[in-house]
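Please look through the structure below with its bound molecule in mind, and then follow the text from that site to a few residues elsewhere in the chain.

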Amino acid sequence: MTWWQEAVFYQIYPRSFLDTDGDGVGDLEGVRRKIGYLVDLGIDAIWMSPIFPSPMADFSYDVSNYCDVDATFGTLESFDRLVDECHAAGIRVILDWVPNHSSSQHPWFMESRSATTSEKRDWYVWRDVNPSGTLPNNWLRSWSDEPAWTLDAPTNQYYLHCFLPEQPDLNWANVEVRQAMANTLRFWLDRGVDGFRMDVIHLIGKDPQLANDPEEIRGIGHVPLNDRIETHGYLREIRSVLGEYDDVVSVGEVYLLDPEAVADYYGSGDELHLSFNFASLLTPWRAEAWRALIERTESSHNRVGAWPTWVLSNHDNQRVATRLKGDRARIRAAAVLLLCLRGTPFLYAGEELALRDAHIEEHQVVDPGKRDGCRAPLPWESSGLHGWPAVPWLPFSAEPEIYSVQAQELDDESMLYFVRLLLRTRRSSEALRRGTLDALSAVNDVLSFERSRGDERVGVLVNFSREHRSIVAPAAQHELSTVRATVERVEGSVVLEPGESLIRFF
Ligand code: NOJ
């Protein structure tokens, strides 16, 4: 077992974590000041969404320099200090690497765009305007029904951008691009980072023919459709760069919504170390749907010897507490699933508070993908500006006085208390961290499974229904409930409260 198989990762969206310099945007110093909070929470590693210099068309997912820190967030010195202090506190740090596209303001693209004869022309994907005047193909960019191509009038060619026109796709078929990007990995690894989350990594290999996407699914952007053999070769090269360093991890954003497809991106242990498995974000709150997802994840990942990951929220999707409509029992049961299933969990900052998305008025939207709600700032304090020194760049979610860290630290029935307890429970249980997953079933809208390792056996029950459910189950030595302090047994059965989840230690 490696550290990244047992670790709980905590995703920080730096703009929304904590501001310290009064510009309303979170910064690296804000993360540094909360290292104590992260230690108390009980996570093992942080993944920070991008902090690189950027014109901010997509908030640092449009990178204009891969080897520096945007002044909004701090400096290379404040970065080094943060990494050193995290390491001293036993927390590893991974960065968000954005290899598929740069900013249109990156010097590479500016040079590429300067002339068709530019030395860097082939670093991006350029195509001639064809005689009939049609676009190079029918690919659509994300977040709109616009084409993934923009005409550069001075050179009369189109360039490809699977996201915004401000995010031109790099041409990974070009070996110089691959070498330059490998050096950006080395730059941060030399500074001591423990690995990378790799943005839309399944997108870097493109069909050399740039064939049209199927007409019958017109309307879907190209991103979730790109599943190419070329990417696997590039991933093996990336893995060997990471192999120049000890014990570092890659976790790929493989935005393909089937666990089978996701598992292929681990290669034969020579591609990604871990890959996100986003099907959980779309799975309805029903025991049978979760049983099927868990079974498919287990079988596809076991087939190739891959270690699964689990995620319920991130900076691109509605938060789990919003999807579960603020239902207290269900939100806690979801946290039980995240932290007790077999695999590496990714907890999104604020999930430990059961934070919901903010309500964003039309005039407050700043994100081109309209994902502002799930990026609302973290409320640290109950009143005033909730611990922020200035009005933050996005509004807070509803009821920050209840969902603040300060309020929940004072309430031993809060979500924060519960998540801390869950994280401690997981840390002290080899079965939960490393054990097998068996006896998976869904009966009468109750999901159950077991985790075991050596002599340790842990059972997990989740009542997805809104009614009491009686389950025949052997006595446990002790159990942890999401909704009550003690659990009673009636004639060899456990009666689950509506929405309740139990972790049972045998
Ligand atoms: C996926 C990231 O998670 C998202 O926030 C970003 O907008 C796109 N990739 C483009 O980089």
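The paragraphs that follow begin with the ligand and its surroundings and then turn to three individual residues.

What is shown here is a predicted model, and the ligand is a convenient place to enter it. The ligand sits in the largest pocket, where the residues around it are Asp58, Tyr61, His101, Trp143, Phe163, Arg197, Asp199, Glu253, His315, Asp316, Arg371 and Arg375. Sorted by class, this shell comprises 3 nonpolar, 2 polar and 7 charged residues.

Which side chains of the shell place a polar atom at a short listed distance from an oxygen atom of the ligand? Arginine 197 does so with a polar side-chain atom 3.0 Å from a ligand oxygen, and in arginine 371 an N or O atom of the side chain is likewise found 3.0 Å from an oxygen atom of the ligand. For aspartate 316, the distance between a polar side-chain atom and an oxygen atom of the ligand is 2.5 Å. As for the surface of the ligand, it would expose 300 Å² if taken alone, and the protein buries 98% of that area.

Away from the ligand, the next residue to find is arginine 291, which belongs to helix H10, a segment covering residues 287–303. Is this arginine buried or exposed? Arginine 291 counts as buried because its relative accessibility is 18%, and the limit for that class is under 20%. Its side chain also takes part in a polar contact of 2.8 Å with the side chain of glutamate 295.

Methionine 181 lies in another helix, H6, which is made up of residues 175–190. With a relative accessible area of 0%, methionine 181 is therefore classed as buried. To see how the chain folds back here, one may locate tyrosine 66, which is 115 residues from methionine 181 in sequence, although the two C-alpha atoms are 8.5 Å apart in space.

The last residue to visit is glutamate 450, which is part of strand E13, running over residues 446–453. Why is this glutamate called partly exposed? Glutamate 450 has a relative accessible area of 22%, and the partly exposed class lies between the buried limit of 20% and the exposed limit of 50%, so a residue with such a value falls within it. Its separation from leucine 432 is 18 residues along the sequence, and from C-alpha to C-alpha the two are 9.2 Å apart in space.

Definitions and conventions:
Residues numbered from 1 in each chain as written. Predicted model: local features only at pLDDT ≥ 70, side-chain atom pairs only at ≥ 80, totals over all residues. Heavy atoms only, no water. Near = heavy atom within 4 Å. Polar contact = N/O pair within 3.5 Å; in protein donor to acceptor, adjacent residues only side chain to side chain. Areas by Shrake-Rupley, 256 points an atom, 1.4 Å probe, with all protein chains shown as cover. 1 Å grid on protein atoms, 1.4 Å probe; cavity = no way out; pocket = protein on both sides within 12 Å on 5 of 7 lines; lining within 4 Å. Sits in = over half its atoms within 2 Å of the grid points. Nonpolar A, V, L, I, M, F, W, Y, C, P; charged D, E, K, R; others polar. Helix = DSSP H or I, 4+ residues; strand = E, 2+ residues; numbered from the N terminus. Buried < 20%, exposed > 50% of the residue type's maximum accessible area, 1.4 Å probe, protein only.
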